[in-house]
Amino acid sequence: MKKPKAELKSTYNVPNLERGLSIIELLATRTKGMTLAEITETLSITKSSAFRIVSTLIFKNYLQKNETTKKITLSRKMLTLGISSMNEQSIVEYSIDVMRALRDELKESVMLGVLLGSTGTILEQVPSSYPVKLFVEPGTQFDLHSSVGGKCILAYIPSEEADMALNGKPLTKFTENTITSKKQFKKVLKEVKEKGYAVDNSEDIEGINCVGAPIFNEYGYPVAALWITAPYGRLPASQFESKGKIVMKYALEVSTKLGYLTH
């Protein structure tokens with residue numbers, strides 16, 4: 001006689017895997033995190049089982065624990081798995097027409113990038129209308145501290161996530177303008193959040209300036225950054241504010257397509 005589906009299902013279940021997935025799903029709804037005791041109570045699992053599962057997920061960098069508050073949250077790695085899975089399907093798809101419109105208005109190369117772990121990655125670009133332009137292959141990685149894309153996103157993610165992304169990474173000096181002090185860099189991130197746009201004043205590549213703004217998803221989380229890049233002669237510091245406001249307008253357009261609602 002054929003076994004009922006429910007019996008077949010129970011035969012092949014892996015209890016600890018189920019519990020691990022339950023913990024991940026729970027923490028996805030609790031952005032401020034939970035203690036181990038709160039997790040065990042909410043899911044009605046034993047403390048020893050929860051401890052082993054959570055410890056494994058922390059070891060594999062899927063969860064992170066604040067040693068001061070004892071709160072456990074999803075890590076940047078876990079969050080970027082979701083972001084990377086939607087990149088080509090959603091972010092590029094919703095951004096490409098906006099990127100072309102931004103290029104047509106400002107004539108400069110337009111880039112779209114995301115954070116994956118502790119580095120940034122270019123997803124797409126629309127080349128400048130000018131003969132002299134910066135061309136970057138999609139998939140090219142960029143450093144967070146010296147790039148406009150890195151600043152855009154780091155300024156808006158929780159400070160713990162920003163610290164984790166920069167943890168153990170030296171702020172390498174690429175040009176005379178590169179920020180190499182973490183204290184100064186945090187001050188810059190605060191300014192980015194206040195203004196709504198970020199700049200790269202020849203900090204990554206000598207003679208190349210950039211102005212960008214973050215793209216938010218429906219939860220208000222910065223999933224990407226949109227920016228223009230040009231030789232400093234065409235994009236001097238005196239134009240950062242005016243061009244920044246224009247880029248912000250186009251970035252908001254993409255955010256709205258992703259379900260972001262302004263308040």
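Two strands are taken to pair if DSSP finds at least two bridges between them. By that criterion, β7 and β8 (residues 222-231) in this predicted model are well and truly partners: nine bridges join them, and the two strands run antiparallel. One of the pairs sets Gly212 of β7 against Trp227 of β8. The two strands make a hairpin with five residues between them, and within this hairpin Gly220 adopts a positive phi near 80°.

On its other flank, β7 meets β6. Strand β6 covers residues 198-201 and is joined to β7 by four bridges, again antiparallel. Here Asp200 has Cys210 of β7 as its bridge partner. This pair of strands also forms a hairpin, with six residues in between, and Ser202 in the turn shows a positive phi of about 55°. As for β7 itself, which spans residues 208-216, nine of its nine residues are buried, so the strand is mostly covered.

The other half of the story starts with β3 and β4. Strand β3 (residues 109-116) pairs with β4 in the antiparallel sense over seven bridges. Leu116 has Thr119 of β4 as its bridge partner, and the hairpin leaves two residues between the strands, with Gly117 taking a positive phi near 70°. Strand β4 (residues 119-126) has six of its eight residues buried and is therefore largely enclosed by the rest of the structure. Strand β4 also picks up β5, a short run at residues 141-142, through two antiparallel bridges. In that pairing, Thr121 stands opposite Gln141 of β5.Put together, these strands belong to an open sheet of six strands, in the order β5-β4-β3-β8-β7-β6 and with antiparallel pairing. Strands β5 and β6 sit at the edges with a single partner strand each, so one side of each has no neighbour in the sheet. Helix α9 (residues 240-257) lies across β6, β7 and β8. Relative to β7, the helix runs at about 30°.

Elsewhere, two helices cross. Helix α2 (residues 15-28) packs against helix α4 (residues 47-59) at an angle of about 70°, and their axes are 10 Å apart. Angles of 65 to 115 degrees count as roughly perpendicular, and α2 and α4 are therefore described in that way. On the α2 side, the contact is made by Asn16, Arg19, Gly20, Ile23 and Ile24. Helix α4 contributes Ser49, Ile53, Val54 and Leu57. The crossing of the two helices is right-handed.

Helix α7 (residues 159-166) is a case of one-sided burial. Its buried residues are Glu161, Ala162, Ala165 and Leu166. These residues cover an arc of only 130° around the axis, which means that they lie on the same side of α7. After the helix comes Gly168, with a positive phi near 80°.

Some backbone angles deserve a word of their own. Most residues other than glycine have a negative phi. Lys70, a residue other than glycine, nevertheless has a positive phi, near 65°. Lys70 is placed in the loop between β1 (63-65) and β2 (72-74). With a relative accessibility of 40%, Lys70 counts as partly exposed. Lys107 is another residue other than glycine with a positive value, its phi being near 70°. Lys107 is located in the loop between α5 (76-106) and β3. The relative accessibility of Lys107 is 37%, so this residue counts as partly exposed.

Helix α5 also holds Asp97. At 47% relative accessibility, Asp97 counts as partly exposed, since the buried class is reserved for values under 20% and the exposed class for values over 50%. In sequence, Asp97 and Val126 are 29 residues apart. In space, their C-alpha atoms are 9.7 Å apart. Val126 falls within β4, which covers residues 119-126.

Conventions: Residues numbered from 1 in each chain as written. Predicted model: local features only at pLDDT ≥ 70, side-chain atom pairs only at ≥ 80, totals over all residues. Heavy atoms only, no water. Buried < 20%, exposed > 50% of the residue type's maximum accessible area, 1.4 Å probe, protein only. Arc of directions from axis to C-beta. Axes fitted to C-alpha atoms, helices over the stretch in contact; angles between N-to-C directions. Parallel < 35°, antiparallel > 145°, perpendicular 65-115°, else oblique. Left-handed = near helix turned anticlockwise from the far one by under 90°. Contact = heavy atoms within 4.5 Å.
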